[in-house]
Amino acid sequence: MTPIRVLVVDDSVVVRRLVTDVLQQDPQIEVVGVAANGQIAVAKVEQLRPDVVTMDLEMPVMDGVEAVRTLRRAGHRMPIIMFSTLTERGAVATLDALAAGATDYVAKPANVGSVQASLAQVATELIPRIRAFAARSVTSRAGAPGAPAGRAATGPGLPVPRAGTGAPARPAREPVRLRPAPARRPVRAIVLGSSTGGPEALSRLLRLLPALPVPLVIVQHMPPVFTRQLAARLDRLGPSSVVEACDHQVLEPGTVYVAPGDQHLELVGAPSGARTRLHQGPPVNFCRPAVDVMIRSAVTVYGGDLLAVVLTGMGSDGRAGCEAVGDAGGTVVVQDEASSVVWGMPGAVATAGLAHAVEGVEDIAARIARVTAEPALRAAP
C-alpha cells in the first residue's frame with residue numbers, strides 16, 4: 001500500500017512535532033517533510049510533491065495565505081488544510097485562505113487540558129480529512145510527469161488498500177438513485193446544508209443568485225466566530241442580504257440566514273411564516289449546528305413547500321432532513337461529485353435515493369432562481 005504523503009508547515013517547532021507525531025501513528029500516512037514558513041513550504045512542494053499539505057496561517061517570511069496563493073498560481077492542486085486558531089483574526093485569515101484556494105481547515109488545540117488531549121483532537125480533526133482528500137490528490141497526480149508509480153485515480157471517500165495495486169481505493173457505495181419528481185407546488189423557503197468545501201461553494205452560489213423572493217436558511221459546519229465572518233463575506237457577493245441568524249428572528253424574503261456556530265437553528269411557525277429558534281441541544285451527527293435539525297424543523301413549518309439543497313461536505317448530515325422534505329412533497333437537490341470537495345453529505349442523500357436532482361453549483365443556482373421566480377412554478381426537475 002502506498003502511503004499518503006504529507007508536508008507539515010508551521011513556524012512552531014512544538015506544533016510541527018505534535019502534528020508529525022499524530023500523523024505518523026496512522027499506517028496510511030507518511031510525513032515526507034516539514035517547513036517553518038510558507039516560502040520553505042513552496043520550495044518543498046516542488047521538491048517532494050506531497051499528496052496533502054497542512055499549513056499554518058501566521059508565519060514569518062511568508063504566511064499561509066500567501067503560500068496558498070503562490071502554490072495555486074504555480075498550478076499545484078493538492079489539498080491544503082489550514083491549521084487555524086478559533087479567534088476573530090484566525091477566522092478572517094482562514095476565510096482568506098479558503099478564498100485563495102485552500103481546501104479546508106482544522107482548529108489548533110487550545111485549552112484542551114493536556115498534551116494527550118491535544119494529540120487526540122488533532123488526530124480526530126486532521127486524519128479523516130487527509131484520508132478523504134488524498135483520493136483527489138492522487139487523481140490529479142495520476143499521469144502527471146514525475147508522478148510516483150503505483151498511484152491510480154480514485155474518487156472521494158476514505159481510501160483503503162486495493163489488493164494488487166498498492167493504490168488507495170474508495171469503498172464500494174450504492175449507485176445514485178433519483179427520487180421521482182414531486183407534484184407541482186410553490187417554494188416558500190430554501191434550506192441548505194454544507195460542510196467541507198462549503199464556504200467556497202456558497203460563495204459561488206450567492207454570486208449567481210438574484211434577489212430571492214423567499215428566505216434562504218443555511219447551516220454550514222463552522223465554529224461561532226467563523227460563521228459570523230462567513231455571513232459578512234457572503235453578504236458582499238450578491239443582491240440578497242446575508243446575516244448570521246439571531247434567536248426569535250422572523251424570516252424575511254430576500255434574506256439569507258446563516259446558523260451561528262455551536263448552536264442549533266430551528267424554524268418555528270409564526271403569524272408571518274416562520275421565525276428562528278437557537279439552542280444548544282446535543283450535537284446531531286456530531287454537529288452543532290446540524291443540517292438535519294434545521295431542515296426537519298423547516299418541514300414542520302412549510303410542509304413540502306421547500307427546496308432543500310445539500311452541498312459539499314464530509315459525513316451524512318442532511319440525509320434525514322432531505323428524507324423528510326421528500327416525504328412531505330418538497331424537492332431535494334444535491335451537489336454533484338465532480339464539483340464537490342468531498343462527496344460525503346450530498347452523496348449520502350443521492351445514494352439513499354432521496355435526491356430529485358444531482359447538479360453542479362451553477363445549475364443549482366439556476367434552479368433556485370427558476371423555482372422562486374414564479375410561486376406557482378413547479379418545484380421539480
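Gly-347 lies in helix α10 (residues 345-351); helices (H or I, at least four residues) and strands (E, at least two) are DSSP runs, numbered from the N terminus. With a relative accessible area of 6%, Gly-347 is buried, where buried means under 20% relative accessible area, exposed over 50% and partly exposed in between (1.4 Å probe, protein chains only). Its C-alpha atom is separated by 9.2 Å from that of Val-310, 37 residues apart along the chain. The model is predicted: local features need pLDDT of at least 70, side-chain atom pairs count only at pLDDT 80 or more, and totals for chains, interfaces and linings use all residues. Residues are numbered from 1 along each chain as its sequence is written, and side-chain values use heavy atoms, with hydrogens and water left out.

One open sheet is formed by seven strands in the order β10-β11-β9-β8-β14-β15-β16, with parallel pairing; two strands pair if DSSP finds at least two bridges between them. Its edge strands, β10 (241-244) and β16 (357-359), each pair on one side only. On average, neighbouring strands of this sheet are turned by 20° against each other, direction ignored. Axes here are lines fitted to C-alpha atoms, for helices over the stretch in contact, and angles run from 0 to 180 degrees between N-to-C directions.

At one edge, β10 is joined by four bridges to the parallel strand β11 (residues 255-258), and Val-242 stands opposite Val-256 in β11. Thr-255 is also found in strand β11 and counts as buried at 14% relative accessibility. Apart from its neighbours within four places in sequence, Thr-255 is in contact (heavy atoms within 4.5 Å) with Pro-215, Leu-216, Ser-241 and Val-243.

Two helices can be placed against strands of this sheet. Helix α8 (residues 291-302) lies across β8 (189-194), β9 (216-220) and β14 (306-310), and runs at about 170° to β8. The buried residues of α11 pack against β8, α6 (198-208), β14, β15 (331-335) and β16. They are Val-361, Ile-364, Ala-365, Arg-367, Ile-368, Val-371 and Thr-372. Seen down the axis of α11, these residues fall within an arc of 160°, so they line one face of the helix; the arc is that of the directions from the helix axis to the C-beta atoms.

A further open sheet has five strands in the order β2-β1-β3-β4-β5, again with parallel pairing. Because β2 and β5 (104-107) stand at the edges with a single partner strand each, one side of each is left without a neighbour in the sheet. Strand β2 (residues 29-35) is nevertheless largely enclosed by the rest of the structure, because five of its seven residues are buried. Strand β1 (residues 4-9) pairs with β2 in the parallel sense over six bridges, and Leu-7 has Gly-33 as its bridge partner in β2. Towards β5, strand β4 (residues 80-84) pairs in the parallel sense over four bridges; Ile-81 has Asp-104 as its bridge partner in β5.

The largest nonpolar core has 59 residues, and those with the most contacts inside it are Met-55, Met-82, Ile-190 and Ile-368. Such a core is a set of buried Ala, Val, Leu, Ile, Met, Phe, Trp, Tyr and Cys residues joined through side-chain atoms within 4.5 Å. Its largest share, six residues, comes from helix α4 (residues 88-100). A second, separate core of 32 residues includes Val-291, Ala-308, Val-310 and Val-349.
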